[in-house]
Amino acid sequence: MRAENLAFMTGLPDGCCQLIYADPPFFTGRTHVRGNGAQTLADHWPGGLGGYLEFLRPRLRQMHRLLADTGVLCLHLDWHASHYGRVLLDEVFGYANFLNEIVWSYRTGGVARAWFGRKHDTIFVYARRIGGHKFNLRREGTFRTDGLNHDEQGRPYKNTRAGRLYFNAAGPALTDVWDIPFLSTVSLERTGYPAQKPEALIARLIAAFSDENDVVADFFVGSGTTPAAARKLGRRFLACDRSDKAVRLARRRLSGTLRPAGRS
Ligand SMILES: C[S@@+](CC[C@H](N)C(=O)[O-])C[C@H]1O[C@@H](n2cnc3c(N)ncnc32)[C@H](O)[C@@H]1O
C-alpha cells in the first residue's frame, strides 16, 4: 500500500513478520532515472550523512520490534553508507545477533579508470535472537572435482583416514558471496523502476530465512520485487512505499498486467 513506512510500521503489531527485506535509498546524493525520465528516485540528504542515519535509525527500530522471535532482517546497502549501516544495526539489533554480510557481486557497464570497479552491494543479515532464528541451508552449484578419485559409479571422492569422503550430491553449501546478474536492459523482469533488484536475489533470501506461509515484509517495496518473489515461494507478504508510482507499478506487476520495460 502507499504509505510513509515509519507511520505504517508503527501501526503494526509486535512480532508479525518472519523476514524483513529493506532496500532503502543508498545515500548516493543522486536522482536515479529510468525510462527517459518516466521513473525517478531522489536520494538526496540535506542533513548529510547524519540526516540519512537519523532517517534509518527509527525505521530499523520498528523493524526490530516487528520481527518474530525466529525473525531475520536483511538490510541492503552499498559502499556509500554500508559501513555506517552496520554500526547502526549493531546498536539496534545487538552485535551478537549479526548473521551475515552478504556480498552481491554483479557486472554492469562502465569501467572505472582511477580505482577498481565498484561492482557489489552488501546485504547485512541480523537475527531478532541469534540461535532461535530460522535458517534453511541452501546448496547450489558444483564442487571442484578435478584431481579427485572416482568410484565405480563415477562419483568423485577424497581418500581420508576415515575412508572415502563423498561430496553432497546437492552441491556445495552457499557462502556469503553471491554472483547474480543485474537485470539486463532487455530482461523480461525489468519494470523500468530505478534501483529494481533481481527476483533471484530476493528469492534466495526468502528461501533461506523463511518457510511457506510465513510473512515476508518490505517497507521500501519499489517495483514490488519482494512480494513477487514471496508469492512464488508460497509466503504471505506485507509491503508499502511512499511513492504512488511505485505502488501502482507493484500492483500491476503482481496482477500480471505489466509489460516488461526492456521490450518495445
Ligand atoms: C531502492 S528503492 C527499492 C527498490 C525495490 N527493492 C525494487 O526491487 O524495486 C527504495 C524505495 O523506497 C521508497 N521509500 C524511500 N523512503 C521511504 C519512506 N520513508 N517510506 C516508504 N517508502 C520509502 C522509495 O520510494 C523507493 O521506491
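## A three-stranded sheet

In what order do the 3 strands of the open sheet stand, and is the pairing parallel or antiparallel? In this predicted model, the open sheet has the strand order 7-8-9, and its pairing is antiparallel. Strand 7 (149-150) and strand 9 (163-166) are placed at the edges, and because each has a single partner strand, one side of each is left without a neighbour in the sheet.

The connection between strand 7 and strand 8 (residues 156-160) consists of 2 bridges, with the two strands running antiparallel. At the level of individual residues, asparagine 149 has tyrosine 157, in strand 8, as its bridge partner.

## Alanine 228 in helix 5

Alanine 228 belongs to helix 5, which covers residues 225-232. Since a residue counts as buried when 20 or more other C-beta atoms lie within 10 Å of its own, alanine 228 is buried, because 21 other C-beta atoms are found within 10 Å.

When residues up to four places away in sequence are left out of account, alanine 228 touches Glu199, Arg253 and Leu254. Alanine 203, for its part, is separated from alanine 228 by 25 residues in sequence, while the C-alpha to C-alpha separation in space is 9.1 Å.

## Surroundings of the ligand

The ligand has 19 residues around it, and of these the ones that come nearest are Asn5, Phe220, Gly222, Ser223 and Thr225. Classified by character, the residues of this shell comprise 8 that are nonpolar, 6 that are polar and 5 that are charged.

Notes: Residues numbered from 1 in each chain as written. Predicted model: local features only at pLDDT ≥ 70, side-chain atom pairs only at ≥ 80, totals over all residues. Near = placed C-beta within 6 Å. Nonpolar A, V, L, I, M, F, W, Y, C, P; charged D, E, K, R; others polar. Pairing = 2+ DSSP bridges. Helix = DSSP H or I, 4+ residues; strand = E, 2+ residues; numbered from the N terminus. Buried ≥ 20, exposed ≤ 12 C-beta atoms within 10 Å, placed from the backbone. Contact = placed C-beta atoms within 7 Å.
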